[in-house]
Amino acid sequence: MKTAIKKKITIMLDEQVYAGLRARVGARGVGEYLSQLARPHVIVDDIEAGYKAMAKDSAREAEAGEWLHGTDETLEAENVWRF
């Protein structure tokens with residue numbers, strides 16, 4: 001991932017939410033945590049790039065293929081309708 005230009009914002013959070021964030025990610029990690037949490041909801045291109053990167057991972061694709069073909073036998077064994 002390339003280095004992004006950072007922007008400073010001010011947001012209002014419930015006191016309990018803020019305390020929970022600081023406890024989970026630390027005082028210096030709140031901004032990055034919220035940025036990563038929001039990213040898939042606001043940047044559509046990242047989703048497509050992520051799928052392309054996963055498709056290039058041959059080991060992951062092989063594992064996914066094994067899992068997918070394994071479900072065929074499960075579906076037949078359980079007599080589940082196929083669409």
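1. Burial and surface. In this predicted model, buried residues account for 5% of the 83 residues in the protein chain. The accessible surface of the protein chain amounts to about 8,200 Å², and carbon and sulfur atoms contribute 57% of that area.

2. Secondary structure. The protein chain contains 4 helices and 0 strands, and its pattern, followed along the sequence, reads α-α-α-α.

3. Confidence. The mean pLDDT of the protein chain is 81, with 80% of its residues at 70 or more. Confidence is highest in helix 1, which spans residues 15-25 and has a mean of 95, and lowest in helix 4, which spans residues 58-78 and has a mean of 73. Where pLDDT is low, the predicted coordinates should not be read in detail.

4. The two ends of helix 1. At the N-terminal end of helix 1, aspartate 14 acts as a cap, with one of its side-chain oxygens placed 2.8 Å from the backbone nitrogen of glutamine 16. Just after helix 1 comes glycine 26, whose phi is positive, at about 85 degrees.

5. The nonpolar surface patch. A nonpolar patch on the surface is formed by Ile9, Ile11, Leu13, Val17 and Tyr18, and together these residues present about 460 Å² of accessible area. Among them, isoleucine 9 sits in the segment before helix 1. Isoleucine 9 is classed as exposed because its relative accessible area, at 64%, lies over the 50% cut-off.

6. The salt bridge. A search of the whole structure returns 1 salt bridge. Lysine 6 pairs with glutamate 32 in a salt bridge whose closest N and O atoms are 3.2 Å apart. This pair connects distant parts of the chain, since lysine 6 belongs to the segment before helix 1 whereas glutamate 32 belongs to helix 2, residues 30-42; the two partners are 26 residues apart.

7. Exposure of the salt-bridge partners. Lysine 6 has a relative accessible area of 64% and therefore counts as exposed, the cut-off being over 50%. Glutamate 32, by contrast, has a relative accessible area of 39%, which is neither under 20% nor over 50%, so this residue is described as partly exposed.

8. Points to keep together when reading the model. The segment before helix 1 holds lysine 6, a partner in the salt bridge to helix 2, and it also holds isoleucine 9, a member of the nonpolar patch. Any reading of helix 4 should be set beside its mean confidence of 73.

Methods: Residues are numbered from 1 along each chain as its sequence is written. Side-chain values use heavy atoms; hydrogens and water are left out. pLDDT is the predictor's confidence in each residue, from 0 to 100. A polar contact is a pair of N or O atoms within 3.5 Å; within protein, one must be able to donate a hydrogen and the other to accept it, and residues adjacent in sequence count only if both atoms are side-chain atoms. Patches are made of residues with over 30% relative accessible area and no salt bridge: like charges are joined within 9 Å, nonpolar side chains (Val, Leu, Ile, Met, Phe, Trp, Tyr) within 5 Å. Accessible areas come from the Shrake-Rupley method with a 1.4 Å probe; for residues, only the protein chains shown count as cover. A salt bridge is a side-chain nitrogen of Lys or Arg within 4 Å of a carboxyl oxygen of Asp or Glu. Buried means under 20% relative accessible area, exposed over 50%, partly exposed in between (1.4 Å probe, protein chains only).
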